[in-house]
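Please open the model in a viewer and keep the selection tool at hand. The tour below proposes a series of selections and describes what each one shows.

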Number of protein chains: 4
Amino acid sequence: MTTTEAGATAPSGQTECADHATHGYHKQKDEHLKRLRRIEGQIRGLQRMVDEDTYCIDILTQVSASTKALQSFALQLLEEHLRHCVADAALKGGDEIDAKVDEATKAIGRLLRT
Amino acid sequence: MTTTEAGATAPSGQTECADHATHGYHKQKDEHLKRLRRIEGQIRGLQRMVDEDTYCIDILTQVSASTKALQSFALQLLEEHLRHCVADAALKGGDEIDAKVDEATKAIGRLLRT
Amino acid sequence: MTTTEAGATAPSGQTECADHATHGYHKQKDEHLKRLRRIEGQIRGLQRMVDEDTYCIDILTQVSASTKALQSFALQLLEEHLRHCVADAALKGGDEIDAKVDEATKAIGRLLRT
Amino acid sequence: MTTTEAGATAPSGQTECADHATHGYHKQKDEHLKRLRRIEGQIRGLQRMVDEDTYCIDILTQVSASTKALQSFALQLLEEHLRHCVADAALKGGDEIDAKVDEATKAIGRLLRT
């Protein structure tokens with residue numbers, strides 16, 4: 001649950017999905033990176049706007065666009081997670097599915113609350 | 001309403017508030033830039049996480065943190081806007097206040113919808 | 001800040017705006033009540049859906065619609081508040097405007113976070 | 001996708017999950033109905049507040065609480081849906097899981113956007 005710039009490393013215990021090494025988002029990796037680079041550009045655009053004393057409302061519009069882009073990225077990631085990790089856990093049987101669903105639900109809750 | 005990286009320039013007609021040149025967020029400019037640089041760092045952290053195949057759920061946690069930071073920045077900007085531009089429009093009298101309130105409400109609506 | 005069914009009574013100290021007795025939303029009172037009755041109907045519709053074992057996804061769609069309707073009501077109320085109470089505080093001068101803007105910003109923050 | 005008070009009936013084609021007749025939320029049915037009745041009470045509380053000219057900010061606080069309660073209900077429903085319907089689709093094999101995940105992701109997207 002690291003939320004710092006440094007990023008998080010997969011906690012041990014997640015190996016069931018990590019067996020797949022790529023958590024289901026491998027194929028989309030390039031697309032994800034492209035999306036994130038575009039968002040990074042939007043954030044730099046915001047800095048330029050603040051620096052140039054752009055009208056507040058226009059800055060807020062840009063913030064809304066960046067937030068939407070982030071949520072959209074999260075949704076894409078979540079879809080792949082459900083399709084791969086959660087579905088895998090179901091196939092494996094046992095308690096795994098409960099843990100996975102619980103974890104995914106908490107992540108969705110955090111997205112809703114932000 | 002430019003939402004591109006290029007940023008928006010203050011539309012003409014916003015000069016009532018632009019007279020103040022700094023739209024009320026001048027004093028906080030450094031603080032704003034610092035916040036935005038931190039968010040930029042978070043987005044780069046996300047790229048690193050994707051690149052290193054970090055577990056999806058941990059990436060989602062970081063997305064939630066970045067979204068929250070963006071919303072928090074927007075709220076700060078909005079507060080200054082209400083305190084300066086909207087209050088100024090009220091003092092000026094005339095129709096100005098209606099236009100300003102309408103504009104601010106629409107911006108809040110966009111933030112809620114993202 | 002009462003959040004119970006019982007509802008809140010205007011806290012003393014809000015009399016600056018309460019002088020207007022109707023907090024700026026008087027004219028829209030009927031419209032507000034109509035909106036809220038429609039939302040109440042949506043919530044009762046949700047109970048019926050749960051009772052009749054409606055498919056989860058369809059219930060979630062209805063929840064999204066109800067949430068949107070509530071946010072839309074909040075935005076309308078906020079607009080009137082900014083137009084009347086906040087603008088009045090600006091005209092009065094003194095510290096009043098700071099308190100009003102602070103209060104409004106916190107309310108917007110709560111709406112964003114829900 | 002009915003969003004009216006009348007509620008939605010399960011669309012044909014959802015029978016895979018409807019076989020379970022109760023879509024996984026059967027055991028929680030009473031709890032769900034209790035939650036929804038409480039939310040209905042909050043909405044009626046809002047009507048009373050508007051009717052009694054309660055201070056706008058206090059009404060907005062109550063709206064935030066109701067919205068949060070609705071989102072919380074949605075999250076609970078979603079968890080049961082993932083645990084039962086989505087997991088079942090994974091076990092069944094075939095294309096079913098793709099359709100279910102796609103459908104769930106769209107529902108989450110609607111919740112995020114409201």
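The stops that follow begin with an interface between two chains and then turn to individual side-chain pairs. The model is predicted.

**Stop 1: the interface of chains C and B**

Select chain C and chain B together. Contact between them involves 20 residues of chain C and 20 residues of chain B. The two chains bury about 2100 Å² between them, and 72% of this area is on carbon and sulfur atoms. The interface also carries two salt bridges, and two residue pairs are in polar contact across it, both at pLDDT 80 or more. Now restrict the selection to chain C and colour by secondary structure: helices α3 (56-92) and α4 (96-113) each supply at least two residues of the side that touches chain B. Coloured by class, that side of chain C shows eleven nonpolar, three polar and six charged residues.

**Stop 2: the relation between the two copies**

What turn lays chain C on chain B? Superposition requires a turn of 180° with a shift of 0.0 Å along the axis, and the RMSD is 0.0 Å. This is therefore the relation of a two-fold axis. The same surface serves both copies, as 100% of the contact residues of chain C recur in chain B.

**Stop 3: Arg83(B) and its partners**

Select Arg83(B), then add Asp98(C). These residues form a salt bridge in which the closest N and O atoms are 2.5 Å apart. Next add Glu79(B), whose side chain also meets that of Arg83(B) in a salt bridge, at 2.6 Å from N to O. Arg83(B) and Glu79(B) lie four residues apart in helix α3 (residues 56-92) of chain B, about one turn of the helix. Is Glu79(B) buried or exposed? Glu79(B) counts as buried, because its relative accessibility is 15%, under the 20% limit.

**Stop 4: a pair within helix α2 of chain B**

Move to Glu31(B) and Arg35(B), whose side chains meet in a salt bridge with an N to O distance of 3.8 Å. The two residues are separated by about one helical turn because they are four residues apart in helix α2 (residues 29-51) of chain B. Glu31(B) has a relative accessible area of 38% and is partly exposed.

**Stop 5: a pair between chains C and D**

Select Lys29(C) and Asp53(D). A salt bridge of 3.1 Å, N to O, brings their side chains together. Lys29(C) lies in helix α2 (residues 29-51) of chain C, whereas Asp53(D) lies in the loop between α2 (29-51) and α3 (56-92) of chain D, so the pair joins two chains. With a relative accessible area of 14%, Lys29(C) is buried.

**Stop 6: chains A and B**

Which residues are linked in a network of salt bridges? Select Glu40(A), Arg44(A), Glu40(B) and Arg44(B) to display this network. Then centre on Thr61(A), which is found in helix α3 (residues 56-92) of chain A. Thr61(A) is buried, at 6% relative accessible area. Adding Arg110(B) to the selection shows a polar contact of 3.1 Å between the side chains of Thr61(A) and Arg110(B).

**Stop 7: the whole assembly**

Finally, restore all chains to the display. The structure holds 32 salt bridges over all chains; those visited on this tour include Arg83(B) with Asp98(C) and Lys29(C) with Asp53(D).

Notes
Residues are numbered from 1 along each chain as its sequence is written. Chains are lettered from A and ligands numbered from 1 in the order in which they are written. This is a predicted model: local features need pLDDT of at least 70, side-chain atom pairs count only at pLDDT 80 or more; totals for chains, interfaces and linings use all residues. Side-chain values use heavy atoms; hydrogens and water are left out. Contact means heavy atoms within 4.5 Å. Buried area is the accessible area (1.4 Å probe) that two parts lose on being put together, summed over both. A salt bridge is a side-chain nitrogen of Lys or Arg within 4 Å of a carboxyl oxygen of Asp or Glu. A polar contact is a pair of N or O atoms within 3.5 Å; within protein, one must be able to donate a hydrogen and the other to accept it, and residues adjacent in sequence count only if both atoms are side-chain atoms. Ala, Val, Leu, Ile, Met, Phe, Trp, Tyr, Cys and Pro count as nonpolar, Asp, Glu, Lys and Arg as charged, and the others, Gly among them, as polar. Copies are superposed by least squares on the C-alpha atoms of residues with pLDDT of at least 70 in both. Buried means under 20% relative accessible area, exposed over 50%, partly exposed in between (1.4 Å probe, protein chains only).
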